[in-house]
Amino acid sequence: MIKLVSILMAAALVNNYVLRQFLGICPFLGVSKDLKSATGMSVAVIFVMCLATAVTWCIQTYLLVPRGMEYLQTVVFILVIAALVQLVEIALKKNIPALYRALGVYLPLITTNCAVLGVTIANLDKGYGFAESVVNAFGSGLGFFLAMVIFSGVRSQTENSEPPKPFEGLPLTLISASILSLSFFGFNGIVENLFG
Amino acid sequence: MSKLSNLTRGILRENPVLVLVLGTCPTLAVSTQASNAVGMGLAATFVLICSNAVISALRNIIPDKVRIPCYIVLIAGFVTVVQMVLEAYAHSLFEALGIYLPLIVVNCIILGRAEMFANKNRVIDSALDGLGMGIGFTLTLLVMASIREVLGSGTWFGIAIPWLSDNGISVLTMAPGGFIVFGCLIALVNKILGRKQSPADESYCAGCPSADTCGRFGKEVR
């Protein structure tokens, strides 16, 4: 149990996917303009990450490894994630329209989000079991959520500032992200100190 | 459009990273060392040329409705080839690139060029476009990695530089340094090309391969 909690904290805070490992930068820069879309996108990412990890872990362990077909990992995983996102979209639309209205618009964006493919492959590279993998996926999604929500707040402030002309827009956003990333260094060593 | 301009367009005027702002994740992640950056650039260039050529050759066969999944499978196939070749012949690079190697599949540059160029143009033009974009990507990575490696750890391609190696600004080799160097480079390109604001920021989603699928997303938020 303690191991799972430490995996969760490490994934969400110390090894934050966006700010420390540069995965999922596109939505981080593109969809963080206001709080509402940042929250919707992140919740959709958490959901798809957990689901994709659960499915790909089973496929890798029970289908690819016993048949010696690990080299197909990349092709199979991206296909599974794309199909899964489609299925989730259809299922939500039919069964839970309220949730679909909240998350539906963000789902197609997630297929080509490298954080989702990244977390499924990282889990297997680290040799995690099923429960650890899902917890790690949830933690990574939580870290994404945290970064998105904080950054949407930062952006609403920088929107009205007047930087030098060439820095307007994206460069200013990237430099704000740099400072936010620096502040996440404060979490270094937190897991070792709490559970070590 | 002449063949030459297909090739040179990607290097500065339509540079995939600095102007179109595609493929930011690998750019930021592997640009800590010049040697890794060149390895990543060449791997992506190979995938880009192959996928552009094959997608262009198949552009009349692939049905329009399922084109994105088809492209993804083709790209994933070429990425697997690169993975296997690197694992066999350049194992240290394979280890250094780690998870970012399979993630070439979701590199927006490749899917973006397939969607924006290869499915409308002939095979030769598409391959040249892939080569040009690949060179632009590799050069950008090399420039970024050189700045971060020389100032951050005082080495270049692993060769120590006197004085600088004792006075490295180590934050540049870490995550915040990536963001800040990238931001400054885009500002510099904006200055050189004389733009007031990067167009990519105005129409951020236009460069993204999923822009078509999520067109309603763009409308709803703005």
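**Close-up views of chains A and B**

**View 1. A salt bridge of chain A joins A:Glu168 and A:Lys165.** With a relative accessibility of 22%, A:Glu168 counts as partly exposed (buried means under 20% relative accessible area, exposed over 50% and partly exposed in between, for a 1.4 Å probe and protein chains only). The model is predicted, so local features need pLDDT of at least 70 and side-chain atom pairs count only at pLDDT 80 or more, whereas totals for chains, interfaces and linings use all residues. Residues are numbered from 1 along each chain as its sequence is written, chains are lettered from A and ligands numbered from 1 in the order in which they are written, and side-chain values use heavy atoms, without hydrogens and water. The partner of A:Glu168 is A:Lys165, and the two side chains meet at 3.5 Å, N to O. A:Lys165 also counts as partly exposed, at 47% relative accessibility. A search of the whole structure finds six salt bridges over all chains (a side-chain nitrogen of Lys or Arg within 4 Å of a carboxyl oxygen of Asp or Glu).

**View 2. A network of salt bridges in chain B includes B:Asp64, B:Arg67 and B:Glu115.** Within this network, the side chains of B:Asp64 and B:Arg67 form a salt bridge of 3.6 Å, N to O. The two partners differ in exposure: B:Asp64 is exposed, with a relative accessible area of 56%, whereas B:Arg67 is buried, at 14% relative accessibility. B:Glu115 is linked with B:Asp64 and B:Arg67 in the network.

**View 3. B:Arg113 and B:Asp129 form a salt bridge between two helices of chain B.** The closest N and O atoms of B:Arg113 and B:Asp129 are 3.1 Å apart. The pair links distant parts of the chain: B:Arg113 belongs to helix α6 (residues 108-118) and B:Asp129 to helix α7, with the two positions 16 residues apart in sequence numbering. Helices (H or I, at least four residues) and strands (E, at least two) are DSSP runs, numbered from the N terminus. Both B:Arg113 and B:Asp129 are buried.

**View 4. Ring pairs link A:Trp57, A:Tyr62 and A:Phe130 into a cluster.** Over all chains, a search of the whole structure finds six aromatic pairs. One of them joins A:Trp57 to A:Tyr62; the ring centres are 6.3 Å apart and the planes stand at 80°, so this pair is edge-to-face. Rings of Phe, Tyr and Trp (its six-membered ring) pair if their centres lie within 6.5 Å; planes under 30 degrees apart count as stacked, over 60 as edge-to-face and the rest as tilted. A:Tyr62 is exposed, with a relative accessible area of 56%, whereas A:Trp57 is buried, at 13%. A:Trp57 also pairs edge-to-face with A:Phe130, at 5.5 Å centre to centre and 70° between the planes. This second pair bridges distant parts of the chain, with A:Trp57 in helix α3 (residues 35-64) and A:Phe130 in helix α8 (residues 130-158), 73 residues apart. A:Phe130 is partly exposed, with a relative accessible area of 37%.

**View 5. A:Phe184 is a buried residue in a loop of chain A.** The loop that holds A:Phe184 runs between α9 (170-183) and α10 (190-195). The relative accessibility of A:Phe184 is 3%, and the residue therefore counts as buried. Residues up to four places away in sequence are not counted among the contacts of A:Phe184, which touches A:Leu13, A:Asn16, A:Leu19, A:Arg20, A:Leu146 and A:Ile150 (contact means heavy atoms within 4.5 Å). A:Phe184 and A:Asn15 are separated by 169 residues in sequence, yet their C-alpha atoms are 9.2 Å apart in space.

**View 6. B:Leu12 is a loop residue of chain B.** B:Leu12 is found between α1 (3-8) and α2 (24-30). At 39% relative accessibility, B:Leu12 counts as partly exposed. The chain around this residue has ten helices and two strands. From the N terminus on, the elements of chain B follow the order α-α-α-α-α-α-α-β-β-α-α-α. Chain B has 222 residues, of which 53% are buried. Of the contacts in chain B between residues at least 6 apart in sequence, 74% join residues at least 24 apart.
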